[in-house]
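Here's a quick tour of a protein model, from one side chain out to the way the helices pack. Have a look at the structure first, then read on.

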Amino acid sequence: MTDYQSTPDTAARPGRGRTGTVDDASHAPQPDGRDLMGPVENLTRIMWTGTLWFAAAVVAVALALGAVLVSGWRPDVLSTPVESLFWIGASVVALSLGLIGWSGCPILEVSVPVADRNKTRTMQLGTFSFLVGSAATMLAVLLGPAS
């Protein structure tokens, strides 16, 4: 077969390359036959690192929230639009913790390819949401009155 996309190895993996692109070479199996971006390897890596990222995110939230609360600050000192930004950001951070936690959870939904796709997406969305929500929440705190 000359068409790279029609080979059995790549046909089972949606999103795998077109003929002769540079991206295809980066997904080539290792000399020992392992494909580092294959569904099993990727899923194993996400469940391992997802657990670590979840723990790190929980610690980061606890440290930031603890410091803000110990200082005596409360969201009710904010004006209504800024307080809304704070609560939206805090809600996004809470959602992101759930997404990152689910990514690290060693439970497969239906099959390895489905779990690989879903956990990859939840990890990416969870990380993005954590960063955006944290930035929005801290921006709201910074926009509030000085103590």
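## Leucine 125 and its patch

Let's start with leucine 125: its relative accessibility is 46%, so this residue counts as partly exposed, given that the partly exposed class sits between under 20% for buried and over 50% for exposed. Keep in mind that we're looking at a predicted model.

Where does leucine 125 sit? You'll find this residue in helix α5, which covers residues 112–143. Leu125 also joins Phe128 and Val132 in making a nonpolar patch on the surface, about 290 Å² in area.

## The overall build

Zooming out, the protein has five helices and zero strands, which gives the pattern α-α-α-α-α when read along the sequence. Of the 147 residues in the protein, 29% are buried.

## How the helices pack

Take helix α3 (residues 39–70) and helix α4 (residues 80–104): their axes come within 7 Å and cross at roughly 150°. Angles over 145 degrees count as roughly antiparallel, so that's the label for α3 and α4. The crossing of α3 past α4 is left-handed.

Now for α4 and the helix that carries leucine 125, α5. The axes of α4 and α5 come within 7 Å, with a crossing angle of roughly 155°. That makes this pair roughly antiparallel too, α4 against α5. As for handedness, α4 passes α5 in a left-handed crossing.

Terms used
Residues are numbered from 1 along each chain as its sequence is written. This is a predicted model: local features need pLDDT of at least 70, side-chain atom pairs count only at pLDDT 80 or more; totals for chains, interfaces and linings use all residues. Side-chain values use heavy atoms; hydrogens and water are left out. Patches are made of residues with over 30% relative accessible area and no salt bridge: like charges are joined within 9 Å, nonpolar side chains (Val, Leu, Ile, Met, Phe, Trp, Tyr) within 5 Å. Accessible areas come from the Shrake-Rupley method with a 1.4 Å probe; for residues, only the protein chains shown count as cover. A salt bridge is a side-chain nitrogen of Lys or Arg within 4 Å of a carboxyl oxygen of Asp or Glu. Helices (H or I, at least four residues) and strands (E, at least two) are DSSP runs, numbered from the N terminus. Buried means under 20% relative accessible area, exposed over 50%, partly exposed in between (1.4 Å probe, protein chains only). Axes are lines fitted to C-alpha atoms, for helices over the stretch in contact, and angles run from 0 to 180 degrees between N-to-C directions. Angles under 35 degrees count as roughly parallel, over 145 as roughly antiparallel, 65 to 115 as roughly perpendicular and the rest as oblique. A crossing is left-handed if the near helix is turned anticlockwise from the far one by less than a right angle, and right-handed if clockwise.
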